[in-house]
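Let's take a walk through this one, sheets to begin with and the ligand after that. Keep the 3D view open as you read.

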Amino acid sequence: MIDSFRQRYGSADGVRVFRAPGRTNLIGEHTDYNLGFVLPVALQLATYIAIAPSSDGKLRVASEHRGEVREFDAAAIASLAPERAWTDYVIGVAREIAALGHPIPGANLLIRSTVPEGSGLSSSAALEVSTALALLGGRAIEPLELARLCQRAERNFVGMPCGIMDQYISVFGRPHAAVEIDCRSLGNRTVKLPDGITFIAVNTMVKHELSGSAYRDRVAECAAACSALGVESLRDATPAQVEAGAAKMDPVVLRRARHVVTEDDRVNRFVDASTRGDLPAMGHLMVESHRSLQHDYEVSCAELDFLVDRALAIDGVIGSRMTGGGFGGCTVTMLRPEAAPTFRAEIARVYEAEFHLAPAIYDCVPSAGAGEVQNFETIPAAV
Ligand code: ADP
Ligand code: MG
């Protein structure tokens with residue numbers, strides 16, 4: 001990556017590299033912006049940003065996924081408007097850093113990522129968090145502040161009313177464990193996963209157009225449920241309360257609320273089951289979560305449903321569900337490690353036969369959260 005940086009910018013003097021991981025959410029979907037619970041793992045798949053000072057006050061950004069080098073005036077970051085382009089994630093973060101009173105340095109940046117884009121494994125948060133670390137250049141920042149700054153960038157500049165999960169897990173990821181996040185208190189606890197299981201993500205390779213607008217619709221529908229129920233967020237409502245308030249809500253809004261409150265409950269039951277090592281209960285909760293997203297929240301799609309249904313028919317599979325916002329992207333499947341080779345081959349075979357697309361398949365190995373890369377040898381090759 002350093003050679004690639006030098007080729008692009010002529011020099012790599014003073015270069016530093018920062019890494020931020022993508023994630024798979026094991027359970028707790030569309031609950032973060034309702035201030036509930038989520039249980040993601042940070043992945044080995046990550047975004048790496050090499051940064052070195054530039055001498056002319058320009059902020060230059062290149063992504064190996066794009067080819068072009070974009071150039072901005074570092075001193076004028078605050079006056080830039082969104083372009084509806086990938087650079088919005090970078091500029092959005094730069095603006096939030098500037099808003100904290102830290103000047104944005106003139107610098108050259110090169111982005112390399114092994115997180116597939118737009119696949120529900122959170123390439124956007126990996127880009128935001130790695131950008132923030134690079135632009136802060138090692139300046140101390142509280143981890144929670146880092147996550148919140150990146151969330152603000154996505155909300156304020158990219159225009160996506162996202163919850164905190166993706167940025168939070170990219171900062172707080174742990175090797176060998178999942179992290180349960182309480183999206184209201186913003187506290188977390190490390191959840192050790194039982195031995196004898198592994199998680200695999202399967203990519204539908206589709207992202208339906210609906211995903212952005214439907215996400216905003218769901219945020220609005222949850223707000224409507226809150227007003228009907230007289231609560232500030234769905235975190236404050238129980239499943240019994242939602243059912244008791246059914247007559248006050250449009251049937252669609254009722255189903256959205258039902259998903260959120262039952263999903264919060266499922267996260268906590270999944271964590272308990274994980275602590276007991278109760279694999280069948282964990283698998284069952286993943287499938288319930290998927291059905292709720294499919295029928296009540298209506299954010300799944302034919303490709304995701306197919307992958308879940310077919311996964312469940314493969315020997316050694318314990319549970320499966322869509323992960324991320326939905327309308328395409330990935331499923332996450334929990335299975336016996338010894339079943340993994342057959343699972344990979346079989347799921348790829350049936351998916352290709354049905355949709356004429358070869359699904360990408362990723363091992364979900366829980367990894368550490370974001371930080372500076374000390375040993376450049378550990379940076380993966382370009383993809
Ligand atoms: P997800 O976060 O699930 O991958 P999003 O739609 O939230 O999907 O974010 C994907 C967007 O993030 C891309 O369309 C692109 O604008 C930006 N992005 C992510 N990674 C990169 C990268 N390596 N280079 C350039 N842009 C990126
Ligand atoms: Mg994203």
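How many bridges join strand 2 to strand 7, and in which sense do the two run? Keep in mind as you look that this is a predicted model. There are 2 bridges between strand 2 and strand 7 (residues 177-182), and the two strands run antiparallel. If you want a spot to click on, try F37: its bridge partner in strand 7 is D182.

That pair belongs to an open sheet of 3 strands, ordered 2-7-8, with antiparallel pairing. Strand 2 (37-38) and strand 8 (188-192) each have a single partner strand, so they stand at the edges and one side of each has no neighbour in the sheet. As background, strands of a sheet pair through backbone hydrogen bonds, and the pairing can be parallel or antiparallel.

Now swing over to the other open sheet. Here 6 strands line up in the order 5-4-6-3-1-13, and the pairing is mixed. At the edges you'll find strand 5 (69-73) and strand 13 (371-372), each of which pairs on one side only. For a parallel piece of this sheet, look at strand 4 (residues 58-63) and strand 6, which are paired over 5 bridges. One residue to pick out there is R60, whose bridge partner in strand 6 is N108.

Strand 6 is a handy way into the binding site. Where does ligand 1 sit? It's in the largest pocket. Two elements give two or more residues to the shell around ligand 1: strand 6 (107-113) and helix 3 (123-136). Helix 3 supplies the largest share, with 3 residues.

In total, 18 residues surround ligand 1, and the ones that come nearest are S63, G118, S123, S124 and K207. Sorted by class, the shell has 6 nonpolar, 9 polar and 3 charged residues.

Which atoms should you zoom in on? Start with S123, where an N or O atom of the side chain lies 2.6 Å from an oxygen atom of ligand 1. For K207, an N or O atom in the side chain is 2.8 Å from an oxygen atom of the ligand. With G118 the backbone takes part: one of its polar backbone atoms is 2.8 Å from a ligand oxygen. As for cover, ligand 1 on its own has 570 Å² of accessible area, and the protein covers 83% of that.

Conventions: Residues are numbered from 1 along each chain as its sequence is written. Chains are lettered from A and ligands numbered from 1 in the order in which they are written. This is a predicted model: local features need pLDDT of at least 70, side-chain atom pairs count only at pLDDT 80 or more; totals for chains, interfaces and linings use all residues. Side-chain values use heavy atoms; hydrogens and water are left out. A residue is near a molecule or strand if one of its heavy atoms lies within 4 Å of it. A polar contact is a pair of N or O atoms within 3.5 Å; within protein, one must be able to donate a hydrogen and the other to accept it, and residues adjacent in sequence count only if both atoms are side-chain atoms. Accessible areas come from the Shrake-Rupley method with a 1.4 Å probe; for residues, only the protein chains shown count as cover. On a 1 Å grid over the protein atoms alone, a cavity is a set of points where a 1.4 Å probe fits but cannot get out, and a pocket is an open set with protein on both sides within 12 Å along at least five of seven lines; lining residues have an atom within 4 Å of a point. A molecule sits in a cavity or pocket if more than half of its atoms lie within 2 Å of its grid points. Helices (H or I, at least four residues) and strands (E, at least two) are DSSP runs, numbered from the N terminus. Ala, Val, Leu, Ile, Met, Phe, Trp, Tyr, Cys and Pro count as nonpolar, Asp, Glu, Lys and Arg as charged, and the others, Gly among them, as polar. Two strands pair if DSSP finds at least two bridges between them.
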